[in-house]
Amino acid sequence: MYEYICKVVLDNQEDEIKTFAYSTLEAFDNLVSMSGVTDIISVVNKETDESFTFDGDLMALKEARSNIKNEHLIIEELYRLDGTEKRNSLN
């Protein structure tokens, strides 16, 4: 699992928070799932120093994600898109 340092807009102010995820896509999904986050500025994998910026429509992603009721399907798709194997705990 990786630690990600995320610059976000939280409560109308730029802030820095951490999230933990197995992939960058999962880190972004974690941020999309956080109700207080209203914008994502950047995400940095602390271990690899890879930096990612976000210029998409966060509110559209939040709305789309809220329509998916089966969390298992979200996780499966994240791993498929990321090209990683499923963890045994998902079976």
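**Sheet, helices and salt bridges in a predicted model**

Met1 is exposed, at 58% relative accessible area. The model is predicted.

Q: Which residues form a nonpolar patch on the surface with Met1?
A: Met1 lies in the segment before E1. Its relative accessible area of 58% makes it exposed, because the cut-off for exposed is over 50%. The patch has about 320 Å² of accessible area together. The partners of Met1 in this patch are Phe20 and Tyr22.

Q: What is the order of the four strands in the open sheet?
A: Strands E1 and E2 pair in the antiparallel sense over nine bridges. E1 also pairs with E3, again antiparallel, over seven bridges. The four-strand order is E2-E1-E3-E4.

Q: Which strands stand at the edges of the sheet?
A: An edge strand here has a single partner strand, so one side of it is left without a neighbour in the sheet. One such strand covers residues 13-21 and the other residues 51-53. They are E2 and E4.

Q: By what angle are neighbouring strands of this sheet turned against each other on average?
A: The pairing in this open sheet is antiparallel. The average angle ignores strand direction. It comes to 25°.

Q: Which residue in E2 is the bridge partner of Tyr2?
A: E1 spans residues 2-10, and E2 spans 13-21. The two strands run antiparallel, with nine bridges. The partner of Tyr2 is Ala21.

Q: Which residue takes a positive phi in the hairpin of E1 and E2?
A: This hairpin has two residues between the strands. The positive phi is near 55°. The residue is Asp11.

Q: Which residue in E3 stands opposite Leu10?
A: E1 (residues 2-10) pairs with E3 (residues 37-45) in the antiparallel sense. Ile5 stands opposite Val44 in E3. Opposite Leu10 is Val37.

Q: What angle does the direction of helix H1 make with that of E2?
A: H1 covers residues 24-33 and packs on the sheet. The helix touches E1, E2, E3 and E4. Its direction and that of E2 make about 130°.

Q: How many residues apart are Lys18 and Glu3, which meet in a salt bridge?
A: Their side chains meet at 3.2 Å, N to O. Lys18 is in strand E2 and Glu3 is in strand E1. The pair thus links distant parts of the chain, 15 residues apart.

Q: Is Lys46 buried, partly exposed or exposed?
A: Lys46 forms a salt bridge with Glu3, the closest N and O atoms being 3.6 Å apart. Lys46 sits in the loop between E3 and E4, 43 residues from Glu3. Its relative accessibility is 48%, and partly exposed runs between the buried limit of 20% and the exposed limit of 50%. So Lys46 is partly exposed.

Q: Which helices do Arg65 and Asp29 link through their salt bridge?
A: The two side chains meet at 2.5 Å, N to O. Arg65 is buried, with a relative accessible area of 14%. Asp29 is buried as well, with 14%. Arg65 is in H2 (residues 58-66) and Asp29, 36 residues apart, is in H1, so the helices are H2 and H1.

Q: Which residues do salt bridges that share partners join into one network?
A: The count of salt bridges comes to three. Glu3 pairs with Lys18 and with Lys46. The network is made of Glu3, Lys18 and Lys46.

Methods
Residues numbered from 1 in each chain as written. Predicted model: local features only at pLDDT ≥ 70, side-chain atom pairs only at ≥ 80, totals over all residues. Heavy atoms only, no water. Pairing = 2+ DSSP bridges. Axes fitted to C-alpha atoms, helices over the stretch in contact; angles between N-to-C directions. Contact = heavy atoms within 4.5 Å. Salt bridge = Lys/Arg side-chain N within 4 Å of Asp/Glu carboxyl O. Buried < 20%, exposed > 50% of the residue type's maximum accessible area, 1.4 Å probe, protein only. Patch = residues over 30% accessible without salt bridge, like charges linked within 9 Å, V, L, I, M, F, W, Y side chains within 5 Å. Areas by Shrake-Rupley, 256 points an atom, 1.4 Å probe, with all protein chains shown as cover.
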